[in-house]
Amino acid sequence: MLWPGGAKAAVSMTYDDGRENNLDFAIPDLEESDFRGTFNLVTGERRTLERATDWRAAFGRGHEIGNHSVHHPARSAAYPSNPPWLTHRLDQFTQEDIDREVGEAAAWLDTHIGPDPGRSYCYPCTHVAIGNPPNETAYRNAILKCHRFARAGTMLSQPGSSFDGINDPWQVDLLKINSIGYFPTDRLFFPPLLESNLAVGGWLVLMFHGVGGPSHETPLAVHRGIIQALKAGPFWVAPTRDVANHIESVRMGNT
Ligand SMILES: [Zn+2]
């Protein structure tokens with residue numbers, strides 16, 4: 001697939017859960033290289049409401065502000081320790097429950113951030129099914145009422161695994177886009193990921209959470225190293241929304 005500007009591959013930098021340090025560190029890092037990212041907000045979180053003005057300004061500068069639901073629902077079986085944040089359980093959800101989770105967050109974003117017809121959804125905890133037995137179709141139907149694109153992925157970096165967060169632009173399911181979680185304390189396996197992405201002309205989607213924060217986060221030096229590597233290569237670095245829109249247009253023969 002031809003990528004814009006003669007790029008040889010696409011990369012999306014995505015950040016989940018709307019941490020304040022995304023505004024304070026990740027966005028300035030990206031903008032210094034004239035890159036834009038995707039920031040997936042949980043609209044029921046206090047920190048989202050407190051920084052809504054800043055998120056809205058970032059949206060105005062070209063970043064994507066994605067829908068990461070109202071309450072961050074996840075499947076119970078993935079969290080046997082029963083963490084306090086797990087208040088909404090996908091395995092107990094009905095169609096109406098997931099319609100509300102996705103739809104109310106989409107409406108909040110339209111009102112408080114601004115309308116964006118390409119805005120993507122991001123599955124909390126990368127879980128893509130409701131109910132028991134797991135039903136992916138019900139979840140997709142809820143997303144399709146508000147969005148055309150959704151990012152899934154795997155939470156933990158697993159260098160050497162067959163799952164690497166690289167999408168084939170001709171094959172990728174735009175309602176289940178792959179990504180790879182990037183929490184490492186070093187960036188040893190980032191150059192091989194970039195090489196693999198270049199070799200196939202693919203779309204690599206990185207999933208971050210906090211950047212430069214106290215724990216379980218990507219250190220600033222690693223984040224900046226990744227940006228420098230992207231800047232040095234023939235990559236189109238763009239939000240999930242923009243790459244998915246491009247792929248959709250090419251597939252429909254409009255580009
Ligand atoms: Zn999340």
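1. Tyr123 counts as buried in this predicted model, because its relative accessibility is 1%, under the 20% limit for that class. Its ring partner, Tyr121, is likewise buried, with a relative accessible area of 0%. The two ring centres lie 5.8 Å apart. Since the planes stand at 85°, over the 60 degrees that the class requires, the pair is edge-to-face.

2. A search of the whole structure gives eight aromatic pairs. One of them joins Trp3 and Trp236, with 6.1 Å from centre to centre and 40° between the planes, and is classed as tilted. This pair connects distant parts of the chain: Trp3 belongs to the segment before strand E1 (9–16), while Trp236 lies in strand E9 (residues 235–237), 233 residues apart. Trp3 and Trp236 are both buried.

3. Two further arrangements involve aromatic rings. Tyr15, Phe39, Trp55 and Phe208 make up one aromatic cluster. Elsewhere, Arg119 places its charged end over the ring of Phe59, 5.5 Å from the ring centre.

4. The zinc ion has as its protein donors Asp17 (OD), His68 (NE2) and His72 (NE2), at 2.0 to 2.1 Å. Along the sequence, the spacing of these donor residues is D-x50-H-x3-H. Asp17 and His68 link distant parts of the chain, 51 residues apart: Asp17 is in the loop between E1 and helix H1 (20–32), and His68 is in the loop between strand E3 (64–67) and helix H4 (95–112).

5. Which class of exposure applies to the donors Asp17 and His68? Asp17 is buried, with a relative accessible area of 10%. His68 is also buried, with a value of 1%.

Key. Residues numbered from 1 in each chain as written. Predicted model: local features only at pLDDT ≥ 70, side-chain atom pairs only at ≥ 80, totals over all residues. Heavy atoms only, no water. Phe/Tyr/Trp six-rings, centres within 6.5 Å; stacked < 30°, edge-to-face > 60°. Helix = DSSP H or I, 4+ residues; strand = E, 2+ residues; numbered from the N terminus. Buried < 20%, exposed > 50% of the residue type's maximum accessible area, 1.4 Å probe, protein only. Lys NZ or Arg CZ within 6 Å of the ring centre and 35° of its normal. Donors = N, O, S within 2.8 Å, 3.2 Å for Na, K, Ca; no water.
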